[in-house]
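Here is a colleague's note, written as numbered points, to be read with the model open beside it. Please follow each point on the structure as you go.

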Number of protein chains: 2
Amino acid sequence: MLTINRKTDYAARILLHLAMQPPGTTVTVQEAAQARLVPYPLARRLFSLLANAGFLKTHRGKGGGFSLARSPAEISLLEVVEAVEGPVALNRCTVEPQECPLVSDCPVHEEWVKARDVLRDYLGRVSFQQLAERAIQPRNHPDPRGGAQ
Amino acid sequence: MLTINRKTDYAARILLHLAMQPPGTTVTVQEAAQARLVPYPLARRLFSLLANAGFLKTHRGKGGGFSLARSPAEISLLEVVEAVEGPVALNRCTVEPQECPLVSDCPVHEEWVKARDVLRDYLGRVSFQQLAERAIQPRNHPDPRGGAQ
DNA sequence: TATAATGATACCATTTTGGTATCATTATAC
DNA sequence: GTATAATGATACCAAAATGGTATCATTATA
Ligand code: FES
Ligand code: FES
């Protein structure tokens, strides 16, 4: 199967969780891991990774946690995938040209590159802003009587 | 890295090799493996797989080999990828919905599905006919023997 | 009948994956 | 100022996937 790995999926869930909070909210690993069903120790590592990659600010010590370092509008799914998973290469040789001794005479190569670009392009256009908005809509069932609580 | 695996790359090379021959040509594993730099025992397995998947006809016995079972114009890169590698899922849950307990309330899901469709769509449009034609064009280097055909 | 090809499949070492555990550090709450 | 609740960093692990080899059986030709 050609798929992203579990960690990448988890990271996306985590960032989405952050993006769904009011701006500036600090979230603890515990909370996010429970809410988005990510195994806690793995969530620990992923939060760290996302912080090191510049997506999150960390707040250490009691009462601490993580908050977004950038606006959800400026974080794309592509960035997260590549931060966790490494490049979207599609074929190894698009990223390590020395890998394939045929590269100078390989007509398939160009198509792997183009397909990769198509995919990267799409993922690059998906922002966590969009995702969060989409998430919130079905959450508050439009309740004309104002009984949300 | 998000990539196809080596076997898939090899399979594509092999099918391209076939597609570049005059229609109906029978090719031996030895020959193709050498020409496209695929380790021989692995090439054996891949030819078998491609034959079982309906891409190739086999000719057993001395003087045998493999030939295309379908026109190169009707074989897409996508089909080969999925035959060797399994589905282009992008995220596991697009193919095994029970995988993710969040699927009913996961706004990312839809984007994985769409991104996957974009990728599958592109790969589905690349035929080995095109690839073979593109391969032959730049072959302007005069062949030591007979030249172009 | 010897030979040259594929069919099928078992085997293997290495890497990747998904996950856990631990100890160190930091900041708050009281 | 100390107990506590959080992150930082990293080591560890089992299981699966990956990339590759080897072997024996079968088939058809020369
Ligand atoms: S060299 Fe990149 S696909 Fe052949
Ligand atoms: S359920 Fe498919 S991405 Fe969340």
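**Notes on the model**

1. Among the elements at the surface near DNA strand D, α3(A) gives the most, with 4 residues; helices here are DSSP runs of H or I with at least four residues, strands are runs of E with at least two, and both are numbered from the N terminus. Please keep in mind that this is a predicted model, in which local features need pLDDT of at least 70 and side-chain atom pairs count only at pLDDT 80 or more, while totals for chains, interfaces and linings use all residues. Residues are numbered from 1 along each chain as its sequence is written, chains are lettered from A and ligands numbered from 1 in the order in which they are written, and side-chain values use heavy atoms, with hydrogens and water left out.

2. DNA strand D is surrounded by 23 residues, and the closest are R44(A), T58(A), N5(B), R45(B) and R60(B); a residue is near a strand if one of its heavy atoms lies within 4 Å of it. Of the atoms of DNA strand D that come within 4 Å of the protein, 55% are accounted for by sugar and phosphate. By class, the surface near this strand has 6 nonpolar, 8 polar and 9 charged residues, where Ala, Val, Leu, Ile, Met, Phe, Trp, Tyr, Cys and Pro count as nonpolar, Asp, Glu, Lys and Arg as charged, and the others, Gly among them, as polar.

3. Which atoms of DNA strand D lie at 2.7 Å and at 3.2 Å from side-chain N or O atoms of R44(A) and R60(A)? For R44(A) the partner is a base nitrogen, at 2.7 Å, and for R60(A) it is a base oxygen, at 3.2 Å. A base oxygen of DNA strand D also lies 2.6 Å from a polar side-chain atom of R60(B). The elements that give two or more residues to this surface are α3 (40-52) and β3 (65-68) of chain A, together with α1 (6-19) and α3 (40-52) of chain B.

4. For DNA strand C, the closest of the 23 surrounding residues are N5(A), R45(A), R60(A), R44(B) and T58(B). Sugar or phosphate holds 56% of the atoms of DNA strand C within 4 Å of the protein, and the rest belong to bases. A phosphate oxygen of this strand lies 3.2 Å from a backbone N or O atom of R6(A), and a phosphate oxygen is 3.2 Å from a side-chain N or O atom of Y10(A). At K62(A), a polar backbone atom is 3.4 Å from a base nitrogen of DNA strand C. On the surface near this strand, α3(B) gives the most, with 4 residues.

5. How are chains A and B related? A rotation of 180° with 0.0 Å of shift along its axis superposes chain A on chain B, with an RMSD of 0.0 Å, and that is the relation of a two-fold axis. In chain A, the C-alpha nearest the axis belongs to L119(A), 2.9 Å from it. The superposition is by least squares on the C-alpha atoms of residues with pLDDT of at least 70 in both copies. The same surface serves both copies, as 100% of the contact residues of chain A recur in chain B, contact meaning heavy atoms within 4.5 Å.

Note on methods: A polar contact is a pair of N or O atoms within 3.5 Å; within protein, one must be able to donate a hydrogen and the other to accept it, and residues adjacent in sequence count only if both atoms are side-chain atoms.
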